[in-house]
Amino acid sequence: MLPNAQLVLQSGEVFYGTIPDNQEHPSFGEVVFNTGMVGYAESLTDPSYAGQILVFTYPLIGNYGVAERATWESQKIHVRGVIVSELSPFYSNHAAQSGLAEWLADQKIPVLTGVDTRAVTKVLRTQGVAPGAIAPLHAKLDHFENFDQHDWVREVSIKEPCYYGSGTKTIIAIDCGMKENILRSLLAFPVRIKRVPYDYDFTQEAFDGVFISNGPGDPTRCGKTVEIIRKAMAKQKPVFGICLGTQLMALAVGATTYKLPFGHRSHNQPCLDLSTNRCYLTSQNHGYAIDENSLPADWRVSFRNLNDNSVAGIEHQHLPFFSVQFHPEAAPGPEDSKWLFQKFFDLLN
């Protein structure tokens, strides 16, 4: 089949493929790649991908279909578009309820197939992630969205507080785009969770610990969240952050963050626990990192990404504050580091 559409990067590169006949208008987003072999349903519903066009590097996507919402990380797909080499027309999975192509169409998510995703990934690894567009061949593209200037956390956070679980300990969970499996992992313990919007000031309420979730975009745009975290940490109660939560915790104590060239989005990122010298395989999805030289003297780097030596976790030297740049709840990916939830629960007692 001849190409009828294209992926155009703001830097000028063009990659050709095909789109469904009813996909008539361009779709804009920041083009990123994920190297995972499985877990496309979980990745597509991860709010951390809001505003992005996701390139799957694994050559065949969709062969096990899409299961019911119990495996999703939110109630909908958050990406702006999907790029694949081959989208499987058939699927085989006893739990699947639809094919990937049908699911994308139902959720009105543009998809470009038949693309040389290896070539796209090589460009992104060399030049860095870039704004781009999925568009018909005849489309005129006269602008690209500036992804970094958008408040994505505001878009994906819940609007009103909600409650889960029961127990003698109360956790405030700051929702910056929280994955559902984080909530499931926390609820494995006898705790009561109050899930609050990113800008909800809970610091005058009673709580035993604070959890800061993952989420999309530039952490420096979450000024109000950072200020709330700073006020909460003044109470010296346990605080645990994941992914964006790590960056927000760092900003709250006066450190700085920076954008990675092409981010970490895969299920096999090796991270070294510096306290035990043990390496964990981790699931990651983020585009920003902490400048370790900006950390205050009473903080230390707890985990390091062995691929590029970036900060993969931070911890206070004495107080019960810690966070990790990876996803111990996985979904998708390995659960080697799920013990971090136990560590957080133990600090509550």
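**Salt bridges around Lys 259**

Let me begin with Glu 30, which counts as buried, because its relative accessibility is 5% and the cut-off for buried is under 20%. I should say straight away that what you see above is a predicted model, so please keep that in mind as we go through the pairs.

Which residue does Glu 30 pair with in a salt bridge? The partner is Lys 259, and the closest N and O atoms of these two residues are 2.5 Å apart. If you follow the chain, you will find Glu 30 in strand 3, residues 27-34, and Lys 259 in strand 17, residues 257-273, so this pair ties together parts that are 229 residues apart in sequence. Unlike Glu 30, which is buried, Lys 259 counts as partly exposed, with a relative accessibility of 31%.

Lys 259 also meets the side chain of Asp 148 in a salt bridge, at 3.1 Å from N to O. Asp 148 sits in the loop between strand 11 (130-136) and helix 4 (152-156), while Lys 259 is in strand 17, so here the parts being tied together are 111 residues apart in sequence. Asp 148, at 23% relative accessibility, counts as partly exposed.

For the background, side chains of opposite charge can pair when their charged atoms come close.

Now let us move to another pair, in which the side chains of Asp 201 and Lys 231 meet in a salt bridge, with 2.6 Å from N to O. This pair also links distant parts of the chain, since Asp 201 is in the loop between strand 14 (191-197) and strand 15 (209-212), whereas Lys 231 is in helix 6, residues 223-233, and the two are 30 residues apart. As for exposure, Asp 201 counts as partly exposed at 38% relative accessibility, and Lys 231 is partly exposed as well, with a relative accessible area of 32%.

Going back to where we started, Glu 30, Asp 148 and Lys 259 are joined into one network by salt bridges that share partners. How many salt bridges does the structure hold? There are 13, and I have shown you some of them.

Finally, a word on annotation: an unreviewed UniProt entry lists residues 3-135 as "domain: Carbamoyl-phosphate synthase small subunit N-terminal". Over residues 3-135 the chain is 17% helix and 32% strand, and the C-alpha atoms at the two ends are 11 Å apart.

Methods:
Residues numbered from 1 in each chain as written. Predicted model: local features only at pLDDT ≥ 70, side-chain atom pairs only at ≥ 80, totals over all residues. Heavy atoms only, no water. Salt bridge = Lys/Arg side-chain N within 4 Å of Asp/Glu carboxyl O. Helix = DSSP H or I, 4+ residues; strand = E, 2+ residues; numbered from the N terminus. Buried < 20%, exposed > 50% of the residue type's maximum accessible area, 1.4 Å probe, protein only. UniProt positions renumbered as here; feature names shortened; annotations may be inferred.
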